[in-house]
Amino acid sequence: MLGANMWRAHPTSRVLTSVLWLGILLAWSFPVVATNHQQLLDSAFAQFDDNFTEHWSYTETLTTSDGITVGHYSPSRESPWQLMTIDGEPPSTSEAKAYLKRKADEAEGGRNSRRDPAELVTPGTLQLVNETDEHWTFSFVPHGEGDDAAVMEYLTGHLQISKAGGHLNFIDIRNEDSFRPRFGVRIHEFLSRFEFERKDDGDVLPVAFEFKIRLKAMGLMNVDEGVTGRYSDYRRVSVSP
């Protein structure tokens, strides 16, 4: 965070946090100077600044089965998050307090799960699958270590790079078939997708994401969670040291 670590809306395990963080960590821009696909990607990683949440304020709109939540983030405030509305209505005091607690927990979890974005792509797996006048689309095998590896090996990654600006259009990680990452757990659906746009001043920032997970554990517990998000109203903010 993509860096922030602002998008663990419905975490179900440590690996979910890592994948959601991935999207934040990939908000970068870079010139198109390399003809080798891996060099093109390496150039992007090398120029990436993972501190964009220290310089921008924005509005976050989250949609889940529980409703629509709109919040505002600004690094210039002592408490950077503010809950604006829930389903179009002003929040109650208890709702606002619970929201701030959740955002603080998400930020702490994000800091603990940061990883070098270059480590995401398993070496030797990047492949060009489509090229147009506007973009390149690549597939890759997501890389994970420890608990992450048990899930990552069953997922397929795609990312798209704009030829006009050399920036990332989207990154998408999902499963194609149901799988069992460990005993007693079957994941039927897993999706993590982030979309990006270049702003007028040249910075590339996340503008949308989607996350879904549907699994069954030990034949007893069913998890079916999904969240979509939009990021808008970006404003550059000066923060006093």
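Does Thr125 count as buried or exposed, and what is its relative accessibility? In this predicted model, Thr125 has a relative accessibility of 18% and therefore counts as buried, since the cut-off for that class is under 20%. Its place in the chain is the loop that runs between helix H3 (93-112) and strand S4 (127-131). Leaving aside neighbours within four places in sequence, the contacts of Thr125 are with Ser139, Phe140 and Val141. With Val141 there is also a polar approach: a polar atom of the Thr125 side chain lies 3.1 Å from the backbone nitrogen of Val141.

It helps to set this residue against the chain as a whole. The protein chain has 241 residues, and 48% of them count as buried. Its secondary structure consists of four helices and eleven strands. Among contacts between residues at least 6 apart in sequence, 49% join residues at least 24 apart. The accessible surface comes to about 12100 Å², and carbon and sulfur atoms contribute 48% of that area.

Charged side chains offer another view of the model, with a count of eleven salt bridges. One of these joins Arg236 and Asp203, with an N to O distance of 2.4 Å. This pair links distant parts of the chain, as Arg236 belongs to strand S11 (residues 221-236) and Asp203 to the loop between S9 and strand S10 (204-217), 33 residues apart. Asp203 is partly exposed, at a relative accessible area of 25%. Elsewhere, salt bridges that share partners bring Glu60, Arg102, Lys103 and Glu106 together in one network.

Within that network, the side chains of Lys103 and Glu106 form a salt bridge at 3.4 Å, N to O. Both residues lie in helix H3, and because they are three residues apart, about one helical turn separates them. Lys103 counts as buried, with 4% relative accessibility. Glu106 is buried too, its relative accessible area being 4%. Helix H3 is thus a meeting point in this account, since the loop that holds Thr125 lies between this helix and strand S4.

A further salt bridge pairs Arg193 with Asp172, at an N to O distance of 3.1 Å. Here again distant parts of the chain are linked: Arg193 sits in strand S9 (residues 185-198) and Asp172 in strand S7 (residues 168-175), with their positions 21 residues apart in sequence. Asp172 is buried, at a relative accessible area of 4%.

Terms used: Residues numbered from 1 in each chain as written. Predicted model: local features only at pLDDT ≥ 70, side-chain atom pairs only at ≥ 80, totals over all residues. Heavy atoms only, no water. Helix = DSSP H or I, 4+ residues; strand = E, 2+ residues; numbered from the N terminus. Buried < 20%, exposed > 50% of the residue type's maximum accessible area, 1.4 Å probe, protein only. Contact = heavy atoms within 4.5 Å. Areas by Shrake-Rupley, 256 points an atom, 1.4 Å probe, with all protein chains shown as cover. Polar contact = N/O pair within 3.5 Å; in protein donor to acceptor, adjacent residues only side chain to side chain. Salt bridge = Lys/Arg side-chain N within 4 Å of Asp/Glu carboxyl O.
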